[in-house]
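This report works through a single protein chain, going from individual side-chain contacts to the overall picture. Please keep the sequence and the coordinates at hand while reading.

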Amino acid sequence: MLGRSSVIARNFSQSMVRYSGHGGVPGENLPFSLQNKYRITALFTVFCMLGFGAPFLVVRHQLLKK
């Protein structure tokens, strides 16, 4: 029973890869373009600053609140 389900899952996953149309080009399935390296650097920097700085801003806001 378990062996049969793994064979079906493997066949399904292989057929999805085969017929999906993604040719394996790096960055094809990303929601942003990889053509402009300066834009990618700026977006990465902003994303990291927001993710790292958000907890500190929340704590500062809570400490300054009366």
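With which side chain does the side chain of Lys65 make a polar contact? The model is predicted, and in it the partner is the side chain of Gln62, at 3.4 Å. Lys65 itself lies in the segment after α2, and it counts as partly exposed because its relative accessibility, 47%, falls between the 20% and 50% limits.

**Helix α2**

The helix that precedes this segment covers residues 37-64, 28 residues in total, and spans 39 Å from its first C-alpha to its last, which is close to the 40 Å expected at 1.5 Å a residue. Despite that agreement in span, α2 bends by about 40° at Gly53, with a proline, Pro55, following within four residues.

At the N-terminal end, α2 is capped by Asn36, whose side-chain oxygen is placed 3.2 Å from the backbone nitrogen of Tyr38. Thr41 is also found in α2, and its side chain reaches the backbone oxygen of Lys37 at 2.7 Å. With a relative accessibility of 47%, Thr41 counts as partly exposed.

The distances described for these side chains are set out below.

| Side chain | Partner | Distance |
|---|---|---|
| Asn36 (oxygen) | Tyr38 backbone nitrogen | 3.2 Å |
| Thr41 | Lys37 backbone oxygen | 2.7 Å |
| Lys65 | Gln62 side chain | 3.4 Å |

**Surface and overall composition**

A nonpolar patch on the surface is formed by Leu30, Phe32, Leu34 and Leu43, which together have about 330 Å² of accessible area. Of these residues, Leu34 has its place in the loop between α1 (2-19) and α2, and it is partly exposed because its relative accessible area of 40% lies between 20% and 50%.

Taken as a whole, the protein contains two helices and zero strands. Its accessible surface comes to about 6,600 Å², and carbon and sulfur atoms account for 69% of that area. How much of the protein is made up of buried residues? Buried residues make up 3% of the 66 residues, where buried means under 20% relative accessible area.

Definitions and conventions. Residues numbered from 1 in each chain as written. Predicted model: local features only at pLDDT ≥ 70, side-chain atom pairs only at ≥ 80, totals over all residues. Heavy atoms only, no water. Expected span 1.5 Å × (residues − 1). Bend = angle between axes of the 7 residues up to and from the residue. Polar contact = N/O pair within 3.5 Å; in protein donor to acceptor, adjacent residues only side chain to side chain. Patch = residues over 30% accessible without salt bridge, like charges linked within 9 Å, V, L, I, M, F, W, Y side chains within 5 Å. Areas by Shrake-Rupley, 256 points an atom, 1.4 Å probe, with all protein chains shown as cover. Salt bridge = Lys/Arg side-chain N within 4 Å of Asp/Glu carboxyl O. Buried < 20%, exposed > 50% of the residue type's maximum accessible area, 1.4 Å probe, protein only.
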